[in-house]
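Please work through the exercises below with the sequence and the coordinates open beside you. Each task is followed by a solution that proceeds step by step.

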Amino acid sequence: MLPKKWEIKDKNPTDILESLLKNRGIEDRESFLDPKNPLNFTFDELGVSEENLQNAVEKIILAKDKGETVVIYGDYDVDGTCATSLLWTTLHDKGLKVFPFIPDRFSDGYGMTISGLNKICERYSDVKVIVTVDNGIVAHEAIKEAQTRGIFVIVTDHHEISQKNEADILVHSTKICGTAIAWCLCREILKDSKKSQQNLDLVGIATIADQMKLVGVNRSFAYHGIAAIHDSSRAGIRALCETAEIVLTAVGTYEIGYIIGPRINAAGRLGDALTVVRLLCTGKMGLARDIAAELSDLNLKRQDITKTVLDAAREQTNGKSKILLVVGDFHEGVIGLAAGKLVEETGRPAIVFSKGEKHTKASARSILGFNVTKALREFEKMFVNVGGHEMAAGLTIETAKLPEFLEKFEMYVQENLSDDLFLKKLIVDCEVPFSDVTKELFVQLNKMEPFGNGNPKPIFATFDTTVRSLKPLGKTGDHLKLNIRKDSVTFEALLFRAKQWSISPKVGSNLDLVYSIDENTWNGNSTLQLLIKDFHEHVENKQSDRKKVSKSSRSAPQKN
């Protein structure tokens, strides 16, 4: 782990909430704190072409009138399975002859491919319309092949466009996730605001799990999506929460991102992602519980495999390279997770390759300031396919071409990736005295939820605090509870994975703290507590440092 530097945005806030909003680039306080209902979004706000969307609706209605078979071509991640489930349920309830299709990660690859198309035509020989969700924007060959077979192709996707898409109708936006685009289509088909409001449960899960920035329209989708989850009658969601021992009304971004999302993704990583569609579409609670239990078991297995891949990948990391390029006989279902973990540990972009006899697949994860998809497209002619976002990408390359690509891409990154991007920073919202940490402030902070990408949970700094007592927590004593005092104000503070820090707090020591604020409820009583994100020993003669940037003791471990 690289050391971090604290960058304090506001060292003397006069209005903490205003300071927090300013730090996030929020200019309209009212619309942020009271997010607009997605039902009221215009097409322009969503970044979707109204003409194309309406054309798609008309084509789908026409397919119903003609009794044509429609296939929804989804994807195997959370966004893809939620979008498939949402659109299938809507069209099925409208009386269409419609079938879901999720490609196999291992035999079909990502997105709409010739392999996937062949499977569809074998299963549904009378298919006349294919609607992609969360994919299709780069499926040029498969789209052309489908059209030569007399199949009408509607692409709905949110990934970046690299060249003109040849779909018969393209419904595209980079502002929102794939499920949100599918929801827009369903909203126009249903013309039923109550049902569309209920369907926001799946949009909320996908928006958060797909790491969309939770500002603007995506904040609204997440905010109203979480509210829909709390009131959801969807058997699949209720079963997922039961199996994970989550209270339905307590679901937030953490539960979606770290508990529900990984379970959904496990099916596509290790098994058949169509299982998730069955889970999210069934109305039978018994079946939903069985599938949710199956996904929970798969997720445990996925964790074990990921650890094995990650251990092998760490052995290949080169401390001098600006990017980690790791190649091995890895399980391709978890290479994206391994790449993400390597980025977290090293602060460098990472690409993990699952080497095959003829083809090699890879997942890339990046750091802020380095658009990995744009960089990879500089070598697009070398790939079978490539696509993704600024921070994540996937590609397939012929194994014979892999050594050449690795050499050329390493040189490209060395020349184009600035060293400045490697300085890991811990962005701190405000420096505050303990006297400002009140229940009134906590109530204000809660109004900023849901927290996530683009709207991180606020963190604060307080300098020269004193540790009055501490005690180990957890079965193995890995965590610490500290009693900390500053200017006659005392708080309990939690330090997770305390043994991983390079220094250990001691009773009587003076610490500079970076923390978030949480609430601890016990026997009906609630008190505020601090969750320590980083700390270092306070040094009196370095007061000038704190006014600028303070160097931490080490990277703060995450509570997940």
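The exercises that follow concern a predicted model, and they take up sheets, helix packing, cysteines and two single residues.

**Exercise 1. Determine the strand order and the edge strands of the open sheet of five strands with parallel pairing.**

Solution. Step one is to read the order across the sheet, which is β3-β2-β4-β5-β6. Step two is to find the strands that pair on one side only, and these edge strands are β3, covering 97–101, and β6, covering 169–172. Step three concerns the twist, which averages 15 degrees from one strand to the next. Step four turns to a single pairing: strand β5, residues 152–157, is joined to β6 in the parallel sense over four bridges, and I154 stands opposite I169 in β6.

**Exercise 2. Describe the open sheet of five strands with mixed pairing, and state which helix lies across β7, β8, β9, β10 and β11.**

Solution. Step one gives the order β7-β8-β9-β11-β10, in which the edge strands, each pairing on one side only, are β7 (324–328) and β10. Step two gives the average turn between neighbouring strands of this sheet, which is 15 degrees when direction is ignored.

Step three looks at two antiparallel pairings. Strand β8 (residues 350–354) and strand β9 (residues 359–365) pair in the antiparallel sense over five bridges, with V352 opposite S363 in β9. Strand β10 (residues 383–388) and strand β11 (residues 392–398) also run antiparallel and are joined by five bridges; G388 stands opposite A393 in β11, and the two strands form a hairpin with three residues between them.

Step four adds the helix: α18, residues 402–416, lies across β7, β8, β9, β10 and β11, and runs at about 165 degrees to β7.

**Exercise 3. Classify the packing of α5 with α8 and that of α13 with α15 as roughly parallel or roughly perpendicular.**

Solution. Two packed helices are described by the angle between their axes and the distance between the axes, and both quantities are taken up for each pair in turn.

For the pair formed by helix α5 (residues 78–93) and helix α8 (residues 178–190), the angle is about 10 degrees and the axes are 8 Å apart. Angles under 35 degrees count as roughly parallel, and α5 is therefore roughly parallel to α8. In the contact itself, D79, C82, A83, L86, L87, T90 and L91 of α5 meet G178, T179, A182, W183, L185, C186, I189 and L190 of α8. Sorted by class, this contact has 11 nonpolar, three polar and one charged residues.

For the pair formed by helix α13 (residues 253–270) and helix α15 (residues 285–314), the axes come within 8 Å and cross at roughly 70 degrees. The range from 65 to 115 degrees counts as roughly perpendicular, and α13 and α15 are therefore roughly perpendicular to each other. On the α13 side P262, R263, A266, A267, R269 and L270 take part, and they meet L295, S296, L298, N299, K301, R302 and I305 in α15. By class, the contact of these two helices has seven nonpolar, two polar and four charged residues.

**Exercise 4. Find how many disulfides the whole structure has, and explain why C184 is not bonded to C186.**

Solution. Step one is the search of the whole structure, which finds zero disulfides. Step two takes C184: its closest cysteine sulfur, in C186, is 9.2 Å away, which is too far for a bond. C184 counts as buried, because its relative accessibility is 1%. Step three takes C281, which is in no disulfide either, the nearest cysteine sulfur being that of C82 at 9.9 Å; C281 is partly exposed, with a relative accessible area of 23%.

**Exercise 5. Decide whether S220 and R278 are buried or partly exposed, and list their contacts beyond four places in sequence.**

Solution. S220 lies in helix α11, residues 216–230, and counts as buried at 4% relative accessibility. Leaving aside neighbours within four places in sequence, S220 is in contact with P35, K36, P38, F41 and G225.

R278 is found in helix α14, residues 274–281, and counts as partly exposed at 45% relative accessibility. Not counting residues up to four places away, R278 touches L287 and I291. As a last step, compare sequence with space: R278 and T81 are 197 residues apart in sequence, and their C-alpha atoms are 9.7 Å apart.

Conventions. Residues are numbered from 1 along each chain as its sequence is written. This is a predicted model: local features need pLDDT of at least 70, side-chain atom pairs count only at pLDDT 80 or more; totals for chains, interfaces and linings use all residues. Side-chain values use heavy atoms; hydrogens and water are left out. Two strands pair if DSSP finds at least two bridges between them. Axes are lines fitted to C-alpha atoms, for helices over the stretch in contact, and angles run from 0 to 180 degrees between N-to-C directions. Angles under 35 degrees count as roughly parallel, over 145 as roughly antiparallel, 65 to 115 as roughly perpendicular and the rest as oblique. Contact means heavy atoms within 4.5 Å. Ala, Val, Leu, Ile, Met, Phe, Trp, Tyr, Cys and Pro count as nonpolar, Asp, Glu, Lys and Arg as charged, and the others, Gly among them, as polar. A disulfide is a pair of cysteine sulfur atoms within 2.5 Å. Buried means under 20% relative accessible area, exposed over 50%, partly exposed in between (1.4 Å probe, protein chains only).
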